Amino acid sequence: MDENKKIEIIDYYANNISVNTSMFECVMEFGKEIMMEGGKTELEKGVRVRISPQLLKVLSSLLAQSVELYENENGKINVRNPHPKE
């Protein structure tokens, strides 16, 4: 890898996620749910990330640790519907 080449990290805010898994990969699609006129919402697709099942398990552990640390410092995170049906 060229040491002079800078890698730019993309910063993207998402308030919606869709996760699909197969035997060989996990596909996560991050997007933004936007409020439209009349109270309707529209989903703006944003970023798709594919990872292996092994990395999915590592990510799951890291996220659980992060949630635990956050809740220990800030209190319980209340989620209205943690597993919405599509």
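Q: What joins S1 to S2, and through how many residues?
A: A hairpin makes this connection, with four residues leading from S1 to S2. The model is predicted: local features need pLDDT of at least 70 and side-chain atom pairs count only at pLDDT 80 or more, while totals for chains, interfaces and linings use all residues. Residues are numbered from 1 along each chain as its sequence is written, and side-chain values use heavy atoms, leaving out hydrogens and water.

Q: What makes S1 and S2 a pair of strands?
A: Strands are DSSP runs of E with at least two residues, and helices are runs of H or I with at least four, both numbered from the N terminus. Two strands count as paired if DSSP finds at least two bridges between them. S1 is joined to strand S2 (residues 26-35) by six bridges, so the pair satisfies the definition. The two strands run antiparallel, and Val19 stands opposite Met28 in S2.

Q: How do you know that S2 and S3 are paired?
A: The bridges between S2 and S3 number 10, so the requirement for pairing is met. Their directions are antiparallel. Phe30 faces Val47 in S3 across this pairing. S2 and S3 also form a hairpin, with five residues between them, and Gly38 in the turn has a positive phi of about 80°.

Q: Why are S1 and S3 called edge strands?
A: The open sheet has three strands in the order S1-S2-S3, with antiparallel pairing. Strand S1 (16-21) and strand S3 (41-51) each pair on one side only, and are the edge strands. From one strand to the next, the twist averages 20°. In general, strands of a sheet pair through backbone hydrogen bonds, either parallel or antiparallel.

Q: At what angle does H1 run to S3, and across which strands does it lie?
A: H1 lies across S1, S2 and S3 and runs at about 115° to S3. Such an angle is taken between N-to-C directions, from 0 to 180 degrees, with axes fitted as lines to C-alpha atoms, for helices over the stretch in contact. Contact itself means heavy atoms within 4.5 Å.

Q: What makes Glu25 and Arg50 a salt bridge?
A: A salt bridge requires a side-chain nitrogen of Lys or Arg within 4 Å of a carboxyl oxygen of Asp or Glu. Glu25 and Arg50 meet at 3.8 Å, N to O, so the pair qualifies. The pair links distant parts of the chain, 25 residues apart: Glu25 in the loop between S1 and S2, and Arg50 in strand S3. The structure holds three salt bridges.

Q: Why is Arg50 called exposed?
A: A residue is buried under 20% relative accessible area, exposed over 50%, and partly exposed in between (1.4 Å probe, protein chains only). Arg50 has 53% relative accessibility and therefore counts as exposed. Its partner Glu25, at 30%, is partly exposed.

Q: How do you know that Arg48 and Glu29 form a salt bridge?
A: The closest N and O atoms of Arg48 and Glu29 are 2.7 Å apart, so the distance limit is met. The pair links Arg48 in strand S3 with Glu29 in strand S2, 19 residues apart. Arg48 has 48% relative accessibility and counts as partly exposed, as does Glu29 at 25%.

Q: What makes Glu44 and Lys32 a salt bridge?
A: The N to O distance between these side chains is 3.9 Å, so the pair falls within the limit. Glu44 lies in strand S3 and Lys32 in strand S2, so the pair ties together parts that are 12 residues apart in sequence. Glu44 is partly exposed at 34%, and Lys32 is partly exposed at 27%.

Q: Why can Val67 belong to a surface patch?
A: Patches are made of residues with over 30% relative accessible area and no salt bridge; like charges are joined within 9 Å, and nonpolar side chains (Val, Leu, Ile, Met, Phe, Trp, Tyr) within 5 Å. Val67, with 38% relative accessibility, is partly exposed and so passes the area limit. Val67, Tyr70, Ile77 and Val79 make a nonpolar surface patch of about 340 Å², with areas computed by the Shrake-Rupley method using a 1.4 Å probe and, for residues, only the protein chains shown as cover. Val67 lies in helix H1 (residues 53-74).

Q: What makes Asn72 exposed?
A: Asn72 has a relative accessible area of 61% and is therefore exposed. Asn72 is placed in helix H1.
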